[in-house]
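The report below looks at how nonpolar side chains are arranged in one protein model, both inside and at the surface.

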Amino acid sequence: MSDTVTTVHAGAEAARAAQTTQASTTPAPTEQAPTAHALTEQARTQQRDAAPRPARPRDAFFDNAKYLAIVLVAVGHAWEPLRQGSRAVTALYMLVYAFHMPAFVIISGYFSRTFDAGPARLKRLLTGVVVPYVVFETAYTLFTRWTSQDPDRPVSLLDPLYLTWFLAALFVWRLTTPLWRLVRWPLPLALVVAMAASTAPSIGHDLDLQRTLQFLPYFVFGLLLRPEHFRLVRRRTVRILAVPVAGCALAVAYWAVPRMDYAWFFHADSAQELGAPLWYGPLMTLAAFGCSLVLVGCFVAWVPGRRTWFTALGAGTLSGYLLHGFVAQAAKYWGWYEPAWVRGPVGVITATLVAALVVTALCTPSVRRAFRCVTEPGMAWAFGDRGDRGECRAGARRAAP
């Protein structure tokens, strides 16, 4: 019996040993070629990666801010012929010019934070900034020949006319964005550049470089902002505090009308060109920067963060900005400011309302679509990489202002 058990155990051990030997000698399965299903999944993944990413939903707050800012730009242009002989209008004009373009430049800087000079970004810069600049610089020159009775006025892309200076400046600012993200103290350096520019009339006005350099700190300031900074300013306590601050600013502007040249807020000339000593330039650059930031903070605090009836108009501020200048210039040519009543309070209110209504109409989706070929062209035909066409078209719509 014991021999039988021993034999059975020996046979089982021999079977297990044979199985182990067979398993050790069987070659391990090699990596198989991808199946048709795997290839299909891989192709789908590549298509998803290559397809343009859907545009992020627009922020209602920034659309509201851009619309309100463009209304102030148009109103400021409407007030321009009414300044003479009216201290109150001039004070309002000075107050508005102290912050409306700085607000635009700061917002432009905020949305330029991701600019890295890559191919897709450069395409956006060309389609959203360079092309509109060329088109409207030419159009404004031809229009000015008619309104100013100067048929020989040359078309010069190096001398931005009227509103087009902003596009020329935005082109320069965005190209230098990687530099400002690289340096250790970008804002102090930008302020030094602006202060130096205010003392150098020899810079000239090619591409409106004087104004480009003096507005540079606002753009760099926008680059440094984060969403939490806007939330900080939009708190209820800040909104309440902004009311007396703005009231004091208007009072100071009224006091300063006979004592100060409001052209300092244009940032278009050096101190010598404004008839001031050289040392005035850096001092006024810092003072204007500080005042403008306070007023921009008040403006931002009052901008609603929810969707309103004018939120959708914020997407069309570029067309409103570029087109309303033709109406503003034509109003002077057609003599809309000549009647005596226009110089009175009723005329000022009327001009304000008309300017706001006109620029609002020019920001509507229908007008935006009609002029998209020159304000936000996709220009897919001009670029060889088909994969970037959708992205380029979407980026052009966010280019400016």
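Does M195 count as buried, partly exposed or exposed, and why? At 21% relative accessibility M195 counts as partly exposed, since buried means under 20% relative accessible area, exposed over 50%, and partly exposed in between (1.4 Å probe, protein chains only).

The model is predicted, so that local features need pLDDT of at least 70 and side-chain atom pairs count only at pLDDT 80 or more, while totals for chains, interfaces and linings use all residues. Residues are numbered from 1 along each chain as its sequence is written, and side-chain values use heavy atoms, with hydrogens and water left out.

M195 lies in helix α9, helices being DSSP runs (H or I, at least four residues) numbered from the N terminus. Leaving aside neighbours within four places in sequence, M195 is in contact (heavy atoms within 4.5 Å) with P282, T285 and L286. M195 and M284, 89 residues apart in sequence, are 8.5 Å apart in space, C-alpha to C-alpha.

The largest nonpolar core (buried Ala, Val, Leu, Ile, Met, Phe, Trp, Tyr and Cys residues joined through side-chain atoms within 4.5 Å) has 88 residues, and I70 and W173 have the most contacts inside it. Helix α3 gives the most to this core, with twelve residues. Apart from it lies another core of six residues, among them A263 and W264.

Y333 is found in helix α15 and, at 32% relative accessibility, counts as partly exposed.

| Helix | Residues |
|---|---|
| α3 | 60-79 |
| α9 | 186-197 |
| α15 | 317-333 |

Conventions:
Helices (H or I, at least four residues) and strands (E, at least two) are DSSP runs, numbered from the N terminus.
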